[in-house]
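Biologist: Please take a close look at a single strand and its surroundings. I would like one connected account that a first-year student can follow.

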Amino acid sequence: MTANWAAFATAEPDLAGTVEKRFGAYTHHILATLRKDGSPRTSGLEVRFLNGELWLGMMPDSLKALDLRRDPRFALQANPGEGTGMGGGDVRISGRAIEVDDVETKAGYVEEVEPPEQLHLFRTELTEVVRTYIEDDTYLVVQVWTPGAPLRTIKRT
């Protein structure tokens, strides 16, 4: 089961707001894709939350774009920033990236984002959103959302 960003934000608005804020704090984040042989590849990436979707834009024929064309599964981690503070916690999103070839949709994205060149554009279908943070200097808290299930919160000391 998958959901787009709007469905996630409707189901869990507080967590979605925290996730967007974490991704908005820095420009570059880490994307994991799968190579031809199944091994992981990590790459830097900029992301956008627009019109109820989480978008991944990539340079033409980049290895990460070719990976996603072959196997759409991905994991995305927000840039933790400097030091160990990680305000808002550690945030990760998993799902599938679906390439957008629709000229009108792509043109709308390009008009809004103004990328420096042609691009591969992918919209995402989420399979999991995870936030990990420290509460009261005592608990490690892990929030896990998957489509169709209630938010799970796990606290550890």
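Modeller: What follows is a description of strand S4, its partner strands and the aromatic rings around them.

The model is predicted. Strand S4 covers residues 53-58, and five of its six residues are buried. Strand S3, residues 47-50, runs antiparallel to S4 and is joined to S4 by four bridges. In this pairing, phenylalanine 49 stands opposite leucine 54. The two strands form a hairpin with two residues between them. Asparagine 51, in the turn, has a positive phi of about 50°.

S4 has another pairing, with strand S7, residues 120-135. Here too four bridges join the strands, which run antiparallel. Glycine 57 of S4 stands opposite leucine 121 of S7.

Now the rings. The model has five aromatic pairs. One of them joins tryptophan 5 and phenylalanine 49, with 4.6 Å from centre to centre and 55° between the planes, a tilted pair. Tryptophan 5 belongs to helix H1 and phenylalanine 49 to strand S3, so this pair links parts of the chain 44 residues apart. Tryptophan 5 is buried because its relative accessible area is 3%, and the cut-off for buried is under 20%.

Tryptophan 55 and tyrosine 109 have ring centres 5.8 Å apart and planes at 50°, so this pair is tilted as well. Tryptophan 55 lies in S4 and tyrosine 109 in helix H4, residues 103-113, so the pair ties together parts 54 residues apart in sequence. Both tryptophan 55 and tyrosine 109 are buried.

Finally, ring pairs link Trp5, Phe8, Phe23, Phe49 and Trp145 into a cluster. Phe49 is thus both a member of this cluster and the residue of S3 opposite leucine 54.

How values were computed: Residues numbered from 1 in each chain as written. Predicted model: local features only at pLDDT ≥ 70, side-chain atom pairs only at ≥ 80, totals over all residues. Heavy atoms only, no water. Buried < 20%, exposed > 50% of the residue type's maximum accessible area, 1.4 Å probe, protein only. Pairing = 2+ DSSP bridges. Phe/Tyr/Trp six-rings, centres within 6.5 Å; stacked < 30°, edge-to-face > 60°.
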